[in-house]
Amino acid sequence: MKTSNKILEIKNLEIGYPVSKKSFYSLFSDINLTAKKGELVAVIGKNGVGKSTLLRSIAGLQDSIHGQVTINDILISDYSRSEFAGLVSFVSTEIVHVNNLRVFDLVALGRFPHTNWFGKLEEKDIVAVNRALEMVGMKGFASKNINEISDGERQRVMIARTLAQDTQLIILDEPTAFLDLPNKYEIVHLLNNLSKTEKKTIIFSTHDLNIAIQEADKIWLMLNNGIIEGAPEDLILNETFNRIFDHTNLNFDKVKGDFRMKRKHSEKIGLIGEGIYYTWTKKALERMNFTVDKGNVSIPHVLVNQSTWQYVNENSIISVNSIYELANLIIESK
Amino acid sequence: MVSNKYKLFTWSLLILLLIMLFLADVFLGSVNIPIKEILRIIFSGNSEYKEFSTIVLQFRLPKALTALLAGFALSVSGLQMQTIFKNPLAGPYVLGISSGASLGVAILVLGVSSAGIFGQIGPFSNWIIVLAAWIGSGLILLLILAVSTRVKDIMTILILGIMFGSATTAVVGILQYFSNETMLKAFIIWTMGSLGGVSMSQLYVLTPSVLLGLVIALISVKMLNALLLGENYAKSMGLNIRLSRFFIFISTSLLAGTITAFCGPIGFIGIAVPHLARLVFKTANHSILLPGSMIIGGIVLLLSDIISQLPGKESSLPINSITALVGIPIVIWIIIRKQRFSNIS
């Protein structure tokens with residue numbers, strides 16, 4: 001195995017926060033993880049398990065209790081402040097609200113480690129800022145005020161700032177937290193693109209497991225009793241994801257790649273049909289707490305034929321034209 | 001985008017206004033002196049009329065210079081505090097920094113001097129007074145910083161600032177009660193300090209102190225910009241938080257402390273002027289806001305001084321009342337706008 005492209009290595013790390021001057025509250029210990037050049041890593045875990053603390057410890061914003069974090073085989077504590085800022089950039093969960101701050105100026109703040117004492121932007125800095133804005137698709141927004149743009153746009157600008165900072169490693173704490181669904185997908189997809197085209201190592205925490213599964217190269221899964229790392233597909237196939245929400249009614253659906261509520265199915269119902277209409281009719285019936293028995297016509301059943309549905313029981317056969325009507329019909333006939 | 005032409009025009013207009021107000025402040029007064037004479041006195045240092053040159057050189061010029069420097073100093077220290085505390089309503093007066101300076105001087109004049117350690121008014125007394133003011137304002141600044149790391153709410157910190165201010169006033173009151181008559185008189189005269197009360201010899205202390213504070217402020221522009229996004233981001237971009245706090249606090253204590261030491265507390269310039277600068281320049285970048293606040297601060301204080309001396313009258317209104325009347329509407333506007341923002345989110 002080649003080790004040359006291993007950027008980040010975490011060994012026996014214990015994280016937590018200080019309670020007093022000498023004692024720490026330990027959140028998580030025995031963390032052993034790696035990340036390579038060009039990898040997109042998603043950190044998944046329940047609220048409060050220590051995702052933010054882990055990310056902040058890697059980003060050098062928080063001291064760890066024990067163990068070591070190395071970047072390019074050098075301990076992060078051995079880097080100087082400005083060297084480290086040229087190596088790792090960070091986007092936190094806090095939303096930045098500053099009046100009169102232009103998008104361009106915010107992204108230009110990323111040039112902090114590269115400019116002189118007065119922060120004067122040279123030609124190369126302006127080029128870098130414009131390029132960063134172009135990479136996240138925000139070039140036309142340069143002179144807008146950051147309070148005037150949407151949450152999704154602001155998140156893109158924050159990512160552009162890390163690109164302007166020009167670091168090998170980018171760390172983002174829940175970048176999709178305040179976004180609507182299309183923006184969630186777009187932001188994570190953008191991170192994926194940047195990791196591939198710019199060869200950045202990007203580590204982000206998220207609760208949007210289904211999006212992470214589609215885009216991340218690697219998942220760091222923080223469970224109550226340890227961290228597991230692997231490709232999302234491997235974690236699906238070996239049923240690791242089910243362990244995130246132990247003791248809850250959530251179940252990971254291996255085929256669909258998403259969580260489902262565990263349902264207490266009571267009554268049986270027959271279902272005959274095929275294709276997408278069959279699949280969604282089945283989902284609807286399961287939502288109504290039926291156990292679907294495929295092809296069984298000896299009990300009350302539903303015949304699906306394209307977009308017409310027939311409900312058949314001992315007394316009658318009734319045809320309807322939508323699943324909503326079908327559902328009402330079944331409830332009424334009970 | 002704001003065009004370069006517009007920017008150039010704004011800067012020239014502001015600088016021109018500053019120069020004109022400065023001259024107007026020297027020109028206007030209870031004694032009518034022709035502008036030709038004033039220009040001659042300023043540039044050649046003498047005049048045909050001895051009393052004119054005395055009035056201009058001993059009274060009007062020091063007063064206008066003091067107004068100019070106080071406007072620079074208070075506005076810049078207000079801007080620094082608004083950024084470092086991430087609080088649009090921060091300023092040397094509301095956060096109790098000016099009261100801290102008063103307390104420093106009170107302890108010096110009423111406490112230490114009463115104990116007979118210093119002689120009456122020695123040649124170094126100006127420096128000692130200003131030093132006491134720096135220490136007093138610096139200590140209050142540290143106290144507010146300590147609180148603001150625990151309490152994030154803007155309004156809470158502001159109320160605490162007012163409490164600190166009241167507490168220092170109370171301590172000053174107690175000190176007054178226990179001090180002897182001559183010291184008390186010296187202190188009362190100090191508290192009545194105004195722009196016009198600054199003598200030429202005091203100006204020799206005030207000017208270098210304020211200039212030093214402004215130079216430190218100018219070299220901390222990049223740090224202030226990084227702090228706009230909060231300390232986490234600033235740290236992740238490689239800012240040395242402790243060092244930058246040290247720089248900014250030294251600068252603020254020098255600026256606010258010096259002006260309070262010689263002119264007494266002047267309120268609301270520190271809060272209001274940075275907002276005027278943001279309004280004019282439409283930016284959050286300190287490399288523009290800081291010199292912008294300086295110039296606008298000079299303009300506002302020179303204007304306040306001109307208003308305060310009521311043409312044709314011998315006496316002048318207290319400068320603090322004028323700056324309050326100018327500043328308070330701006331502060332109210334900020335609070336109401338802030339309210340609207342918090343309702344949306």
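A cavity, on a 1 Å grid over the protein atoms alone, is a set of points where a 1.4 Å probe fits but cannot get out. Grid points are joined across faces, edges and corners, and a volume is the space filled by probe spheres set on the points.

**Entry 1: ground rules.** I am working with a predicted model, where local features need pLDDT of at least 70 and side-chain atom pairs count only at pLDDT 80 or more, while totals for chains, interfaces and linings use all residues. Residues are numbered from 1 along each chain as its sequence is written, chains are lettered from A in the order in which they are written, and side-chain values use heavy atoms, without hydrogens and water.

**Entry 2: cavities.** I looked for cavities of 30 Å³ or more and found four. The largest has a volume of about 120 Å³. I noted 13 residues lining this cavity (an atom within 4 Å of a point); Glu94(A), Ile95(A), Asp151(A), Arg154(A) and Gln155(A) lie nearest its centre. Helix 5 of chain A (residues 151-165) gives the most to this lining, with four residues. For helices I took DSSP runs of H or I, at least four residues, and for strands runs of E, at least two, numbered from the N terminus.

**Entry 3: a pocket.** A pocket is an open set with protein on both sides within 12 Å along at least five of seven lines. I read about 980 Å³ for the second largest one. Its lining has 31 residues, and nearest its centre I found Gly60(A), Leu61(A), Gln62(A), Asp63(A) and Lys235(B). Helix 10 of chain B gives the most to that lining, with four residues.

**Entry 4: where the chains meet.** I counted 31 residues from chain A and 25 residues from chain B in the contact (heavy atoms within 4.5 Å). The two chains bury about 2,600 Å² between them, 60% of it on carbon and sulfur atoms; buried area is the accessible area (1.4 Å probe) that two parts lose on being put together, summed over both. I looked for salt bridges between chain A and chain B (a side-chain nitrogen of Lys or Arg within 4 Å of a carboxyl oxygen of Asp or Glu) and the count is zero.
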